[in-house]
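Reader: I have a model open on my screen and some labels to question. Could you take me through the reasoning behind them?

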Amino acid sequence: MTAKIISGTETARQIREELKQEIASLKEKHNLVPGLATVLVGADPASQVYVGAKEKTSKELGIYSERYDIPAETTQAELLARIDRLNKDPKIHGILVQLPLPKHIKETDILYAIDPKKDVDGFHPVNVGKLMIGEADYLPCTPHGIQQLLIRSGIEIDGAEVVILGRSNIVGKPIANILLQKKEGANATVTVCHTGTRDIKFHTRRADILIVAAGRPKAVTADMVKEGVVVIDVGVNRIGKTPEGKSILVGDVDFEAVKEKAKAITPVPGGVGPMTITMLMLNTVKAAKIAAGLI
Ligand code: NAP
């Protein structure tokens, strides 16, 4: 069996097209323009690329965007003051603070200062709690992107054995919670593995859907999966540079070997990555509708 390639690039393009139309209609019918503020502290090159991509996508879709590039030496109090101004700004419906932050700033203090209604990353404890009880306004972007990729690729999630490698707060735990809900596009039996798991292969070989967010190249090899598995590779690992100086990216899965056994698999790049930014845009549109009392 050679796997069907699940293209995040293509699915993200479809969702962006839908969002573009919705944004145009919100403007026409309600004079409402969703607004996103991105905040970058310091000059980490990868973070600059991510924030740049978020700003560019906002503009392409018709989302109003403001970008704040703040020096690395900024104090926590100054950053909190910026968040406070954005919380009060009616043009801004979503606030995204790019992580990681410099060491002298306590990340949780900043994330918890964002108004939960503007927390389009879905990292505020209020939104984490709402997700847990199945009442989420904003699903965190990467896990939501994974769920949409599965649904829009026609993968049956209801009743499936889903195995997740990784228990981070931004990927592993929230995707486990999302797929566990007694809802359409979920209702799976979910197992979460991590470095404390005794026999990872025992679990991965049972998976109908295997979601890998370990941050380790080749964490999943062909002997770890069963024939017909669906594999979602969240990992992004930079393993070197091309002669032209571009980063060489690989996922967490031994793609070439595993694709021979899988029914479907996401590539890296071009899998989960493009979905993450798209879900941020979707949350920003939702935040604008909530603020305007439309939902
Ligand atoms: P993280 O915070 O480093 O967490 C990694 C998790 O994987 C931890 O829970 C760790 O277990 C577990 N783990 C590590 N090695 C393992 C192994 N061999 N078997 C089983 N579990 C293992 O990482 P993250 O933030 O979730 O990100 C994971 C990967 O996804 C990274 O490559 C990251 O760059 C990528 N990512 C991509 C996107 C995107 O949009 N495409 C978004 C977010 C993250 P312990 O808890 O026991 O340490």
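**Contacts, strands and a buried threonine**

Author: Gladly. A polar side-chain atom of Thr195 lies 2.4 Å from an oxygen atom of the ligand. Keep in mind that this is a predicted model.

Reader: What makes the approach of Thr195 to the ligand a polar contact?

Author: A polar contact is a pair of N or O atoms within 3.5 Å. The 2.4 Å between Thr195 and the ligand oxygen falls within that cut-off. Ser168 qualifies too, with a polar side-chain atom 2.5 Å from an oxygen atom of the ligand. For Ala213, a backbone N or O atom lies 3.4 Å from a ligand oxygen, again within 3.5 Å. As for cover, the protein hides 71% of the 930 Å² of accessible area that the ligand has on its own.

Reader: Which residues come nearest to the ligand, and how is its shell made up by class?

Author: Of the 20 residues around the ligand, the nearest are Arg167, Ser168, Thr195, Val236 and Thr276. By class, the shell has eight nonpolar, 10 polar and two charged residues.

Reader: On to the sheet. Why are E1 and E6 said to stand at the edges?

Author: Six strands form an open sheet, with parallel pairing, in the order E1-E11-E8-E7-E5-E6. Strand E1 (4-5) and strand E6 (189-193) each have a single partner strand, so one side of each is left without a neighbour in the sheet.

Reader: How do you know that E1 really pairs with E11?

Author: Two strands pair if DSSP finds at least two bridges between them. Two bridges join E1 to strand E11 (residues 264-265), so the pair meets the criterion. Within this pair, Lys4 has Ala264 as its bridge partner. At the other edge, E5 and E6 pair in the parallel sense over five bridges, and Glu161 stands opposite Thr189 in E6.

Reader: What makes E5 largely enclosed?

Author: Strand E5 covers residues 161-165, and four of its five residues are buried, so the rest of the structure largely encloses the strand.

Reader: Why is Thr204 called buried?

Author: Buried means under 20% relative accessible area. Thr204 has 0%, so the label applies. This residue lies in helix H8 (residues 200-204).

Reader: Which backbone oxygens does the Thr204 side chain reach?

Author: The Thr204 side chain reaches the backbone oxygen of Lys201 at 3.2 Å and that of Met224 at 2.7 Å. Both distances are within the 3.5 Å cut-off for a polar contact.

Note on methods:
Residues are numbered from 1 along each chain as its sequence is written. This is a predicted model: local features need pLDDT of at least 70, side-chain atom pairs count only at pLDDT 80 or more; totals for chains, interfaces and linings use all residues. Side-chain values use heavy atoms; hydrogens and water are left out. A residue is near a molecule or strand if one of its heavy atoms lies within 4 Å of it. A polar contact is a pair of N or O atoms within 3.5 Å; within protein, one must be able to donate a hydrogen and the other to accept it, and residues adjacent in sequence count only if both atoms are side-chain atoms. Accessible areas come from the Shrake-Rupley method with a 1.4 Å probe; for residues, only the protein chains shown count as cover. Ala, Val, Leu, Ile, Met, Phe, Trp, Tyr, Cys and Pro count as nonpolar, Asp, Glu, Lys and Arg as charged, and the others, Gly among them, as polar. Buried means under 20% relative accessible area, exposed over 50%, partly exposed in between (1.4 Å probe, protein chains only).
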